[in-house]
Amino acid sequence: MDVVRFNLGGSFIRMQEFIEGNRAFKVLALFLLGFYIGRKRLYAHLDACQPLLRKVATYGFLIGLPTSLLYAWSAMNAHPLGLGIHSLFYTVSVVPLSLAYTTAICLVYLKNKEKRIFTLFAAPGRMALTNYILQSVFGMIIFYGIGFGLGAKTGLIYVELIATAVFGFQILYSYLWLRRNRFGPLEWGWRMLTYGQWLKLTQTQVPCAIPTCREHGKPGLSPDTVHTSTAESEKALPRNRHRNQEERYHSSHT
């Protein structure tokens with residue numbers, strides 16, 4: 001109950017900060033930006049977007065870094081220029097700098113696609129909702145009084161080390177989980193709520209029907225098997241059989 005009371009009190013404080021700091025406009029803008037990126041599938045065409053990525057990274061760092069320092073100075077000195085200017089520092093710093101970090105990582109990835117370090121983040125990325133909630137659970141256990149109670153006596157350096165260790169565990173857990181399952185546990189439930197139907201969680205191995213797997217040795221694909229869902233394989237077989245029948249029919253009449 002103490003945790004519930006603490007979170008309820010904190011939620012009202014956060015709502016007050018959300019309103020007084022005019023964060024609603026920033027949050028809405030980020031939602032719209034994310035919606036635009038998703039609809040345009042920019043993340044799927046990073047190579048073609050390299051000029052845009054470079055511009056966003058350059059201007060993002062030029063604007064975001066100095067205004068972040070101003071925001072930190074304002075926060076540490078009780079907003080000497082007023083809450084409005086403090087909120088302006090926050091808005092002008094956090095969005096450009098976050099976009100700069102994101103685009104810079106994309107550019108590094110494009111130059112080092114074959115590096116294994118990037119594959120480490122694929123599994124936790126596919127389980128983003130599960131890992132997000134798990135981080136809150138870990139935080140409660142490690143820092144709250146219901147667990148180890150380290151929140152009031154842990155310095156920032158140790159907090160960073162703990163966070164790194166937790167994420168390392170999540171990388172391992174996500175990798176092992178997705179070897180057997182198609183989705184993370186919470187992603188699985190969310191998908192079923194979204195589509196309104198039961199979805200199979202575990203993966204099924206079927207013989208590889210893609211010639212390039214064996215002929216060209218594509219990285220990341222087994223020469224004998226690939227993991228596909230039962231529903232996908234059941235849909236693919238009739239479709240391939242129908243296509244083969246059409247090809248035989250046309251070849252016999254030409």
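Q: Taking buried as under 20% relative accessible area, exposed as over 50% and partly exposed as in between (1.4 Å probe, protein chains only), which class does Asp 47 fall into?
A: Asp 47 is partly exposed, at 43% relative accessibility. The structure is a predicted model, in which local features need pLDDT of at least 70, side-chain atom pairs count only at pLDDT 80 or more, and totals for chains, interfaces and linings use all residues. Residues are numbered from 1 along each chain as its sequence is written, and side-chain values use heavy atoms, with hydrogens and water left out.

Q: And what does the side chain of Asp 47 meet in a salt bridge?
A: Its partner is Lys 113, at 2.8 Å from N to O; a salt bridge here is a side-chain nitrogen of Lys or Arg within 4 Å of a carboxyl oxygen of Asp or Glu. The two residues lie 66 apart and link distant parts of the chain. Lys 113 sits in the loop between α4 (83–111) and α5 (116–119), and Asp 47 in the loop between α2 (23–40) and α3 (50–76). Helices are DSSP runs (H or I, at least four residues), numbered from the N terminus.

Q: Is Lys 113 buried or exposed?
A: Neither; Lys 113 is partly exposed, at 36% relative accessibility.

Q: How many salt bridges does the structure hold?
A: One.

Q: Changing topic, how many disulfides are there?
A: Zero, with a disulfide taken as a pair of cysteine sulfur atoms within 2.5 Å. For Cys 49, the nearest cysteine sulfur belongs to Cys 106 and is 9.3 Å away.

Q: Are those cysteines buried or exposed?
A: Cys 49 is buried at 13% relative accessibility, and Cys 106 is buried at 18%.

Q: What about Thr 103; where is it found?
A: Thr 103 is in helix α4 and is buried, with a relative accessible area of 9%. Leaving aside neighbours within four places in sequence, Thr 103 is in contact (heavy atoms within 4.5 Å) with Leu 53, Val 56 and Ala 57.

Q: Which residues make the nonpolar surface patch?
A: The patch, of about 950 Å², is made by Leu 129, Tyr 132, Ile 133, Val 137, Ile 141, Phe 148, Leu 186, Trp 190 and Leu 193. Such a patch joins nonpolar side chains (Val, Leu, Ile, Met, Phe, Trp, Tyr) within 5 Å, from residues with over 30% relative accessible area and no salt bridge.

Q: Which element gives the largest share?
A: Helix α7 gives five residues, the largest share. Ile 141 lies in α7 and is partly exposed, at 39%.

Note on methods:
Patches are made of residues with over 30% relative accessible area and no salt bridge: like charges are joined within 9 Å, nonpolar side chains (Val, Leu, Ile, Met, Phe, Trp, Tyr) within 5 Å. Accessible areas come from the Shrake-Rupley method with a 1.4 Å probe; for residues, only the protein chains shown count as cover.
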